[in-house]
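Me: I am new to this structure and would like a close look at a single part: the place where the two chains meet. Could you walk me through it in one go?

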Amino acid sequence: MSEILVNKLTGTSTAGVILVTGEGNSTTTNLQQGLAKQWVYFDMASTTAVDSLNTSSLTDSGTGKFVVNINNDFNNTSYTVNYTGNGYASDTFPANVTCVAKISYETTTTTGLYDTISYGSALVDSKYNYCTAHGDLA
Amino acid sequence: MSTLKADTIQSTGGGAATLTKQRAAKAWANFNGSGTLAVRDSFNVTSISDDGTGLYSVDFSNAMSDGNYAAPGCATYFGNDSATGLVYAMRTSSNVYTEHGTAGFALRISDNNADSALDSGSVELTVMGDLA
């Protein structure tokens with residue numbers, strides 16, 4: 001196997017566009033568009049992330065509600081967030097678990113944060129919260 | 001810092017190069033499914049169809065190699081932070097796709113309490129797996 005050791009990849013035509021060949025060898029995919037730009041694993045009992053990427057801080061905005069603050073902002077508010085939680089403060093799941101992100105999307109105009117909500121029969125500080133965000137960085 | 005400038009990266013055999021410890025998403029989308037469907041932003045998604053209340057179909061620009069990909073997502077009431085929420089789930093639709101087709105997939109948004117299908121003002125999804 002040949003191997004290139006390098007610290008930074010840059011497109012020659014457009015700096016932020018590098019194509020990589022897909023697994024089936026028939027198509028290419030935009031590497032930058034596919035990379036998660038931010039992710040975080042956190043417990044709503046604490047405002048300190050267990051682990052994260054491009055996450056500056058977490059803000060507790062009420063029972064079952066957290067704000068994820070992004071370090072390097074997105075360039076618009078149309079980025080995609082996937083959020084999963086267990087809707088319970090311990091190692092189990094209640095009925096009617098719902099975890100949603102960007103709950104104030106309509107009124108959130110900043111590109112540097114998004115809201116999460118954890119609901120398991122009632123709003124609850126969920127133990128396991130996982131968020132990933134894809135989109136365009138500023 | 002060393003910098004490699006290239007537009008396309010392939011393996012020496014012309015196939016997919018191995019990106020050490022990296023796996024990129026192959027598609028993602030953020031769309032408004034309430035009223036007239038509007039895609040806010042997307043990657044490798046050629047279209048999203050409104051199949052009825054709470055029912056949507058996502059078409060890929062470049063197909064996946066099989067139906068074994070992961071497509072997590074979530075949905076919200078638009079601008080509403082009420083305690084109840086919406087559930088994002090795959091669905092099988094014989095006249096659109098079987099669940100997890102290579103060309104796309106179908107999904108259903110429902111209320112978490114009543115399990116009634118509802119349109120969402122913000123559906124966000126990501127697709128991880130192998131391209132064709």
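Reply: Let's start with one term: two residues are in contact if their C-beta atoms, placed from the backbone, lie within 7 Å. Please keep in mind that this is a predicted model.

With that term in hand, look at chain A by itself. Among its contacts between residues at least 6 apart in sequence, 54% join residues at least 24 apart. Chain A has one helix and 11 strands, and its pattern along the sequence reads β-β-β-α-β-β-β-β-β-β-β-β. Its C-alpha atoms fill a box of roughly 50 × 35 × 25 Å along the principal axes. Of its 138 residues, 39% count as buried.

Chain B, the partner, has zero helices and 10 strands. In chain B, 36% of the 132 residues count as buried. For contacts in chain B between residues at least 6 apart in sequence, 57% join residues at least 24 apart.

Now to the meeting place itself. Here 53 residues of chain A are in contact with 50 residues of chain B. Several elements of chain A give two or more residues to this side, among them strand S1 (8-10), helix H1 (31-34), strand S9 (97-101) and strand S10 (113-120). The largest share, five residues, comes from S8(A). By residue type, the side of chain A that touches chain B divides into 21 nonpolar, 28 polar and four charged residues.

One spot is easy to find with your eye on the strands. S1(A) is joined by three bridges to strand S1 (residues 3-5) of chain B, and the two run parallel. Within this pairing, Leu9(A) stands opposite Leu4(B) in S1(B).

Next, turn to the nonpolar residues. In soluble globular proteins, nonpolar side chains tend to be buried together. The largest nonpolar core in this model has 49 residues, and the members that touch the most others are Val100(A), Ala27(B), Ala29(B) and Tyr88(B). Both chains are thus represented in that short list.

Ala29(B) makes a good last stop. Leaving aside its neighbours within four places in sequence, Ala29(B) is in contact with Thr80(A) from the partner chain. Within chain B, its contacts on that same count are Val39(B), Ser42(B), Val45(B), Ile48(B), Val58(B) and Leu125(B). If you centre your view on Ala29(B), you can trace its contact to Thr80(A) and then look for Val100(A), another of the core members named above.

How values were computed: Residues numbered from 1 in each chain as written. Chains lettered and ligands numbered in written order. Predicted model: local features only at pLDDT ≥ 70, side-chain atom pairs only at ≥ 80, totals over all residues. Helix = DSSP H or I, 4+ residues; strand = E, 2+ residues; numbered from the N terminus. Buried ≥ 20, exposed ≤ 12 C-beta atoms within 10 Å, placed from the backbone. Nonpolar A, V, L, I, M, F, W, Y, C, P; charged D, E, K, R; others polar. Pairing = 2+ DSSP bridges. Core = buried A, V, L, I, M, F, W, Y, C linked by C-beta atoms within 7 Å.
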